[in-house]
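Q: Please take a close look at a single part of this model, the paired strands of one chain, and describe how they are covered and how they are joined to one another.

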Amino acid sequence: MRGDVAVANGSARASAKAEAREPSGGLLTRADRAALLRFMAMMRAAEERGLTLYRQGKVPGSFYDGCGQEAISVGSSFALRPEDRMCILHRDLGAHFVRGVTPDRYLANYMGRADGVTGGKDGNMHFGDPQLGCVGMVSMLPDMAPVACGMAMAFKIRGEKRVAMTYFGEGSTANGQWHEAMNLAGVQRLPVVFMLENNQFAYSTPNELEFVVDPVERAHAYGFPGVDVDGNDVEAVFAAANEAVGRARAGDGPTLIGCRTMRMHGHGAHDDMSYVPPEMFEEWSQRDPIDVYAKRLVADHGFSADEVDQIKAEVKEYVADCAERALASPMPEPERATEGVFADAWQKLGNGDAPWSRWQSENGSHGANGASA
Amino acid sequence: MTTTETAASRQPPAQTDEPREDITYLEAISEGLRDEMRRDETVICFGEDIGAFGGAFKVTDGFYEEFGAARVIDAPLAENAIIGAAVGAAAEGLKPVCEMQFADFIACGFDQLVNVAAKLHYRQGVAVPMVVRLPSGGGFSGGPFHSQNPEAWLLQSPGLKVVAPATAADAKGLLVSAIRDPNPVCFLEHKGLYRNVRDQVPEGEHAVPLGKARIAREGSEASVIAYGSSVPLALRAAEELGEDVEVVDLRSLCPLDTEAILASVRKTSKVMVAHEATRSCGVGAEVSALISEEAFEDLDAPIRRLTAPDVPIPFSPPLEQAVLPQLDDMKEALGELLGY
């Protein structure tokens with residue numbers, strides 16, 4: 001794989017272009033598969049680097065990651081077109097990378113630096129780049145579900161074939177706003193895709209204290225499909241998301257995709273996970289989404305072990321460079337603290353990257369390879 | 001949703017030289033909203049029972065027929081979904097005008113309003129041009145859940161603009177400006193004024209800028225700083241007392257026209273702040289603090305506040321009247337201030 005350029009700019013466009021789609025492989029080219037691995041590895045590497053920065057005292061507050069859940073944000077966002085919109089949550093860094101956020105901006109955001117996505121106004125994963133079609137999350141969950149419904153309402157009212165996608169954990173399904181959003185989406189048949197990440201715990205609270213019936217089963221009560229997938233299988237997540245996105249784009253309404261996974265780190269870096277039974281942790285360790293996919297690429301898709309290792313090594317190097325850039329970013333000027341409470345004018349959201357080879361010809365200036373190469 | 005656009009079939013009446021008949025505060029809100037929907041196809045209405053039914057107070061009566069179900073959207077009974085979806089739609093280029101059936105129910109949508117809508121531009125540079133219409137206020141035995149004046153809740157949330165018209169002309173003009181503003185604007189429309197206030201409202205284009213107070217009555221002996229339902233109350237009290245009292249109608253609570261407040265204080269040197277909302281940490285407290293910080297040496301008397309006491313709004317008429325400021329209360333307080 002000629003992954004170096006693609007790694008640097010967070011996409012696989014250059015290499016995908018050169019390769020024909022696999023005749024029997026369906027929707028994904030070889031380059032797409034490399035990209036899926038690359039984005040998952042990038043999320044892992046960036047979060048590991050962020051955790052190190054936290055332990056070095058360079059991250060104010062705490063640190064939150066999505067270790068073990070990489071397949072969900074990467075696989076689902078990979079199905080989107082540039083003009084689709086997202087509300088990305090705190091275990092879903094991979095979706096930011098797929099849409100075009102670079103790790104330096106993510107790490108700078110964690111450190112409260114001027115070059116972070118929010119310029120220091122908000123921290124950790126509470127960001128979204130409006131220029132890349134993302135309205136970022138707040139701490140209250142699942143507040144972005146109604147917001148995603150609203151974006152989908154705008155698409156529907158204007159007759160546009162566009163889709164909104166958002167994420168939430170199973171913990172969020174206990175909150176009334178979850179019901180409000182599901183019901184509104186169902187009643188209005190909105191072009192929205194809900195990604196439900198059941199990572200087994202809401203902070204320390206296990207599934208059996210969260211609900212009696214798996215929340216993905218509630219979808220039919222709202223009048224739309226609920227799909228259950230292995231959240232650690234990036235291609236399974238992609239396939240389910242792609243089908244849901246297609247259904248939404250065709251005017252056939254929302255889908256709830258329930259992804260079974262496991263949060264392999266604490267709720268935050270301050271959480272020692274003492275509530276997780278060791279055997280449960282051990283069992284899920286065997287199902288690491290990156291390891292599983294790397295093995296499958298070698299076993300089923302003609303990748304060599306060296307190629308896979310090279311992708312991971314290149315990602316690591318890229319993330320290390322990004323970390324240096326983030327560390328070089330200044331702290332924001334204190335005067336900025338009182339700026340920007342009110343807007344002077346509305347500004348159109350920009351489009352996100354859409355690295356899936358299927359959309360290559362449709363990518364604009366914020367297309368799959370951007371201009372960063 | 002089906003798009004049954006009939007906007008073109010209904011045009012505003014032709015302009016004439018004849019003075020227009022006075023219209024009510026309620027009719028003025030409808031007119032401002034209808035005008036903006038005709039002018040700008042990105043304006044949509046979203047709320048409970050606002051479609052074919054025309055809204056609990058009939059503000060959107062006829063809108064469904066004129067603009068269709070795609071732009072006049074009946075929502076499920078879910079205030080957070082209404083406000084949250086409005087945020088998403090606004091970020092994507094629509095201008096949603098949400099109706100809370102009663103202002104009290106903003107409590108059920110408060111999270112989306114204060115945590116998502118209010119903070120989005122500050123945190124992420126995403127502007128959300130949206131209006132939340134809030135039928136507020138008491139005086140009709142609505143009880144503790146259909147009578148509240150929630151402005152202090154809203155004013156403690158940076159990122160929200162808050163307006164509270166007292167006349168029909170301002171009800172139209174402020175709503176038009178609120179719709180055109182790129183920020184979330186809370187529009188407090190006092191239910192007691194809906195059909196009791198009636199005045200000259202300019203036909204066609206009429207926008208009153210947010211953040212500009214109005215001198216409702218010129219005077220030199222004392223100033224009443226008021227908004228919403230307290231403005232007509234102050235005007236009537238001043239008339240009945242026959243005193244030279246100035247009445248400043250704030251119109252906007254955020255942004256607040258501090259210059260107009262201070263100018264009136266410097267002119268009269270005696271001030272009362274009047275509002276129907278409860279007392280502690282209310283607009284009266286803020287305005288009083290502003291005056292003592294900026295115009296202390298211009299004062300000839302302690303600043304007075306005429307407000308509801310810090311209690312829920314009770315149901316039974318004598319209890320409600322004991323809580324909400326009445327004309328006699330205003331006259332008495334004003335008399336004391338003038339006599340200081």
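A: What follows works outward from one strand to its partners and then turns to the contact between the chains.

The model is a predicted one, and a convenient place to begin is strand E5 of chain B, residues 130–136, which is largely enclosed by the rest of the structure because seven of its seven residues are buried. In a regular strand the side chains alternate between the two faces of the sheet. For E5(B), both faces are covered, with B:Met130, B:Val132, B:Leu134 and B:Ser136 buried on one side and B:Val131, B:Arg133 and B:Pro135 buried on the other. A charged residue, B:Arg133, is thus listed among the buried positions of this strand.

E5(B) has pairings with two strands that can be followed residue by residue. With strand E7 of chain B, residues 184–190, E5(B) pairs in the parallel sense over seven bridges, and here B:Met130 stands opposite B:Pro184. With strand E4 of chain B, residues 95–99, the pairing is again parallel and runs over three bridges, and in this case B:Val132 of E5(B) faces B:Cys98 as its opposite residue.

E4(B) in turn leads to strand E2(B), since five bridges join E2(B) to E4(B) and the two run parallel; within this pairing, B:Ile44 stands opposite B:Pro96. Strand E2(B) covers residues 43–47 and is mostly covered, five of its five residues being buried. Its side chains divide between two directions, B:Val43, B:Cys45 and B:Gly47 pointing one way and B:Ile44 and B:Phe46 the other, and all are buried. E2(B) is also joined by three bridges to strand E3 of chain B, residues 72–74, again in a parallel arrangement, where the bridge partner of B:Gly47 is B:Asp74.

Beyond these strands, chain B also meets chain A, in a contact that takes 33 residues from chain B and 38 residues from chain A. On the chain B side, helices H3 (79–91), H4 (110–117) and H5 (120–124) each supply at least two residues, and the largest share, nine residues, comes from H3(B). By type, the residues on this side of the contact divide into 19 nonpolar, eleven polar and three charged.

How values were computed. Residues numbered from 1 in each chain as written. Chains lettered and ligands numbered in written order. Predicted model: local features only at pLDDT ≥ 70, side-chain atom pairs only at ≥ 80, totals over all residues. Contact = placed C-beta atoms within 7 Å. Helix = DSSP H or I, 4+ residues; strand = E, 2+ residues; numbered from the N terminus. Buried ≥ 20, exposed ≤ 12 C-beta atoms within 10 Å, placed from the backbone. Pairing = 2+ DSSP bridges.
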